[in-house]
Amino acid sequence: MAKIIGGITTSHIPAIGRAITLNLQETPYWKPFFDGYPPIRQWLGEKKPDIVVLFYNDHGLEFFLNKKPTFSIGVAPQYISDDEGWGIATIPPVTGETELSWHICNTLVEDEFDITICQEMKVDHGLTIPLQLMWPGNTYGHIKVIPVCINCEQHPMPSLKRCFNLGRSIAKAIETFDKDLNVVVFGTGGMSHQLDGQRAGFINKPFDLMCMNKIVNEPEDLFQYSVRDLVEQAGAQGPELNMWMGMRGALNGKVTELHRNYHIPISNTGAGTMLLENK
Ligand code: DHB
Ligand code: FE
């Protein structure tokens, strides 16, 4: 049977892609951020996952405000990055996975999640930057990626609880898939940030740290925060925490925290990096 071995959280901001291209990892601004990744890369190197289920949000590339699925899943054999306007370099295509992706879609619909199933999908920095961070030199081609896209751009947005339950249903699908595959789940984005308006640049470190603590063994405590609360506490783009909830819902009740890093600011965000292993 397929097995979920752990979960990883990471920022996805486009400026990281630019820093990678320009080799700025060791500069004073970027070093405290990039130093959060070697332990995770080492773990990935040891565990050699076959598949990444990657919770991300599409920032207007594939789904603009005129068509906005709440939840969408990719079932394509390949995904092309076609990011616009952030100055990030062209990178190799991302390898997809079709069989388990469709199995996940079947389970989600049985579990009454009305998803949008994508046989074609362009992907943006929300999906590609995390892969570039985990597999330097864009060496992610051997990993099969299943994109799970959550609307974090246009209200109304799903609740933290709903996203957690989406993750649970995805875990149920993976654990009933009759192939010996190791799966890692990524929760990308966050943490507190606001990119525009009067509070542009707003970051809430105490709230971010509280979320990181809770996500380990008491994720349900976070259900008390509505999307409106997230906007107030963590900025207009704070609802990106929903991707972390999807990731956490896909893990077991008990997990071991193997690594964490938190650094502010990276561009406009609080960058939270975590490695959680399934118990
Ligand atoms: C930034 C953060 C994001 O989540 C994003 O999608 C784009 C930019 C930033 O802080 O620069
Ligand atoms: Fe984002």
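**Exercise 1. Describe the crossing of α7 and α9, with its handedness and its contact residues.**

The crossing of α7 and α9 is right-handed, a label used when the near helix is turned clockwise from the far one by less than a right angle. This is a predicted model in which local features need pLDDT of at least 70 and side-chain atom pairs count only at pLDDT 80 or more, while totals for chains, interfaces and linings use all residues. Residues are numbered from 1 along each chain as its sequence is written, chains are lettered from A and ligands numbered from 1 in written order, and side-chain values use heavy atoms, without hydrogens and water.

The contact, meaning heavy atoms within 4.5 Å, joins Cys211, Met212, Ile215, Val216 and Asn217 of α7 to Leu241, Trp244, Met245 and Arg248 of α9.

**Exercise 2. Identify the protein donors of the iron ion (ligand 2) and place them in the sequence.**

Donors are N, O and S atoms within 2.8 Å of the metal (3.2 Å for Na, K and Ca), and since water is not among the atoms, sites may look incomplete. For the iron ion, His12 (NE2), His59 (NE2) and Glu240 (OE) lie 2.1 to 2.2 Å away, with the sequence spacing H-x46-H-x180-E. Because His12 belongs to the loop between β1 (3-10) and α1 (14-21) and Glu240 to the loop between α8 (227-234) and α9 (241-249), the pair ties together parts 228 residues apart in sequence; helices (H or I, at least four residues) and strands (E, at least two) are DSSP runs numbered from the N terminus.

Both His12 and Glu240 are buried, that is, under 20% relative accessible area with a 1.4 Å probe and protein chains only.

How values were computed:
Buried < 20%, exposed > 50% of the residue type's maximum accessible area, 1.4 Å probe, protein only.
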